[in-house]
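Visitor: I am new to this structure. Please walk me through the terms used for it.

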Amino acid sequence: MTPIIRIIEAKDHVGEVVTVRGWIKRRTGKGKINFLRVRDGSGIFQAVAFRPNLGDEKFTQVKRLTTESSVMLTGLIKADDRAPGVPGGYEMDLQDIEIVQIADDYPITPKEHGVEFLLDNRHLWLRSDRQWAIARVRATVIRAIRDWLDDHGYLLVDTPILTPAAGEGTTTLFEIDYHGVPAFLAQTGQLYNEADIFAFGKVYCFGPTFRAEKSKTRRHLQEFWMVEPEIAFCKLEELLEIEEQFVSYIVQTTLERCADELKLLGRDVTLLENVKPPFPRITYDEAVAMVNEAAARGVTVPPNDDSVPAIEWGDDFGSPHETFIASQFDRPVHVTHYPTRVKAFYMEPEPERPEVCRSTDMLAPEGYGEIIGGSERMSDPELLLAAIEKHKLPQDAYDWYIDLRRYGSVPHSGFGLGVERAVAWISGISHLREAIAFPRVLGRLTP
RNA sequence: UCUCCGGUAGCUCAAUUGGCAGAGCAUUCGGCUGUUAACCGAAAUGUUGUUGGUUCGAGUCCAACCCGGAGAGCCA
């Protein structure tokens with residue numbers, strides 16, 4: 001019985017006879033030699049089946065292997081510069097083979113496929129090199145998120161997914177039947193996070209969130225994962241520092257741990273190496289001036305090379321504006337102090353200038369858009385009550401939320417980071433649908 | 001919801017002015033000792049998204065609808 005190893009461990013077993021269990025990605029052959037590209041989840045390498053070494057009977061079995069057939073392969077691990085794979089450079093000289101199953105005709109071929117076909121076959125598409133690399137980047141990003149927060153005194157406190165009508169942007173909520181009462185899938189855990197900080201100081205929630213927006217772009221999913229830290233005794237300025245330390249750690253950790261995966265994805269990592277504090281900070285006022293100056297010059301932005309439209313002070317930025325602003329910097333940029341009227345009711349107004357609020361968006365470079373939205377929250381109960389009235393929200397639904405400001409209110413801040421947007425940005429992939437195993441894009445619920 | 005683009009073999013696409021429905025890949029068979037989307041030879045592959053219309057004749061023109069993609073708005 002030979003030892004069973006994972007492909008990623010092959011480099012530690014050069015000169016040994018071992019067994020690898022996995023799937024045939026592709027078989028190519030030339031007469032008495034066949035090359036098996038093998039995947040086992042940990043990595044990708046090739047096994048070389050050479051008829052004189054393997055014997056006629058086993059070689060005949062090798063030639064029966066179809067794409068995605070499952071096998072147990074035993075052979076000698078050799079270092080060879082010609083050997084492709086991830087990490088590559090090592091291959092198996094095949095000595096024995098046990099076929100677990102000969103796979104039926106596999107629908108996904110090495111040639112190009114359309115988006116619809118691939119999404120219909122998402123359960124199989126996940127087996128491809130590229131999806132494997134993205135899944136590993138995602139897992140690494142999530143681990144970095146949790147490590148950083150856990151190591152910096154944040155307590156994980158999960159927030160509910162089934163929520164009552166909160167009155168804010170109800171058109172974007174998925175409604176469900178909660179035993180005869182309408183309920184909604186959560187689009188944020190933030191309000192609950194605010195309750196949690198008064199009990200636990202610094203908290204985060206991490207889970208799926210739901211937006212029923214009719215958004216059909218590369219930057220939108222109906223269901224996506226978001227991490228939302230919330231911090232007591234924290235004002236906007238401190239929040240900005242936390243955000244950039246957090247994002248830098250995620251990016252640098254992923255660069256370190258997923259070098260092979262990013263290489264497979266063709267990511268230009270030099271653009272990520274810059275992602276270290278401090279990040280540039282501009283105000284909404286400055287951003288508006290930048291945009292309008294660019295609009296006057298007729299600057300165009302990807303993806304369609306449309307010119308940057310002018311903006312009037314007080315309006316929110318559209319995607320082309322954000323793309324342009326982010327393109328002016330070599331790392332993510334904080335844009336702070338948005339007009340109060342375009343932001344959520346709970347954001348703390350700037351005391352000297354209440355028409356703007358102590359909000360911040362972090363825009364990722366390379367057109368990936370807003371990856372973080374955050375703010376200092378309103379801490380005064382009277383101001384909050386007035387804001388709820390001004391936004392014509394049902395006051396009784398917010399009784400508990402106002403309570404938080406009545407029993408030991410403190411300045412506090414928090415933000416939400418979209419996991420798929422972060423993964424897409426770090427991976428350099430163009431569409432969020434590849435940043436999660438089973439994406440929920442508008443108009444699709446399967447597989 | 002709006003704007004633009006598309007739907008032809010299992011997959012990716014082609015088809016001239018409206019005139020016999022075609023390739024490559026995948027599949028099957030044969031050949032070859034270093035392949036990286038192998039190569040060479042052979043075989044097999046169709047309700048052209050749906051419905052209706054114009055026409056001697058429609059993949060091609062017209063209308064409606066269905067599905068998909070890109071973008072806008074909104075957001076992470």
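**Sheet, barrel and spaces**

Guide: Start with the open sheet, where 8 strands follow the order β6-β10-β11-β20-β19-β18-β15-β12 with mixed pairing. Its edge strands are β6 (155-156) and β12 (281-283), each paired on one side only. Keep in mind that this is a predicted model.

Visitor: How do you know that β11 and β20 pair?

Guide: Pairing takes at least two bridges between two strands. Strand β11 (residues 223-232) and strand β20 (residues 412-418) are joined by 5 bridges. Therefore they count as paired. The two run antiparallel. One bridge links A232 with H412 in β20.

Visitor: Which helix packs on the sheet and touches β12?

Guide: That is α11 (residues 319-327). Helix α11 also touches β15 (333-336), β18 (359-364) and β19 (369-377). Its direction makes about 75° with that of β18. Another helix, α5, lies across β6, β10 (202-210), β11 and β20. Helix α5 runs at about 155° to β10.

Visitor: What makes the other set of strands a barrel?

Guide: Here 5 strands close up, in the order β1-β2-β3-β5-β4, with mixed pairing. From one strand to the next, the twist averages 55°.

Visitor: How do you know that β1 pairs with β2?

Guide: The cut-off is at least two bridges. Between β1 and strand β2 (residues 33-39) there are 7 bridges, so the two strands pair. They run antiparallel. K30 stands opposite I33 in β2. Helix α2 (residues 56-64) packs on this sheet, touching β1, β2, β3 (44-50) and β5 (90-101). The direction of α2 makes about 80° with that of β5.

Visitor: What are the domains of chain A, and how many residues join in their contact?

Guide: Chain A is divided into domain 1 (7-101) and domain 2 (122-280 + 329-434). Their C-alpha centres lie 44 Å apart. In the contact, 10 residues of domain 1 meet 7 residues of domain 2. Contact here means heavy atoms within 4.5 Å.

Visitor: Why is the second largest pocket called a pocket, and what lines it?

Guide: A pocket is an open set of points, whereas a cavity is one the probe cannot get out of. The second largest pocket holds about 540 Å³ of space. Its lining has 21 residues, with I108, T109, P110, S128 and D129 nearest the centre. By class, 7 are nonpolar, 4 polar and 10 charged. At least two lining residues come from each of β1 (17-30), α3 (115-120), α4 (122-125) and α5 (129-151). Domain 1 and domain 2 each give at least three.

Visitor: How many cavities are there, and what lines the largest?

Guide: The count is 3 cavities of 30 Å³ or more. The largest has a volume of about 60 Å³. Its lining is I7, I8, A10, K11, I44, F45, V86, P87, G88 and Y90. By class, that makes 8 nonpolar, 1 polar and 1 charged.

Visitor: What joins V86 and P87?

Guide: A cis peptide bond, with omega about 5°. P87 sits in the loop between β4 (70-79) and β5. The bond from T446 to P447 is cis as well, with omega near -5°. P447 is in the segment after α14 (419-427).

Visitor: What makes F233 stand out?

Guide: F233 is not a glycine, although its phi is positive, about 55°. F233 lies in the loop between β11 and α7 (236-257).

Technical notes:
Residues are numbered from 1 along each chain as its sequence is written. Chains are lettered from A and ligands numbered from 1 in the order in which they are written. This is a predicted model: local features need pLDDT of at least 70, side-chain atom pairs count only at pLDDT 80 or more; totals for chains, interfaces and linings use all residues. Side-chain values use heavy atoms; hydrogens and water are left out. On a 1 Å grid over the protein atoms alone, a cavity is a set of points where a 1.4 Å probe fits but cannot get out, and a pocket is an open set with protein on both sides within 12 Å along at least five of seven lines; lining residues have an atom within 4 Å of a point. Grid points are joined across faces, edges and corners, and a volume is the space filled by probe spheres set on the points. Helices (H or I, at least four residues) and strands (E, at least two) are DSSP runs, numbered from the N terminus. Ala, Val, Leu, Ile, Met, Phe, Trp, Tyr, Cys and Pro count as nonpolar, Asp, Glu, Lys and Arg as charged, and the others, Gly among them, as polar. Domain bounds come from an automatic or database domain assignment. Axes are lines fitted to C-alpha atoms, for helices over the stretch in contact, and angles run from 0 to 180 degrees between N-to-C directions.
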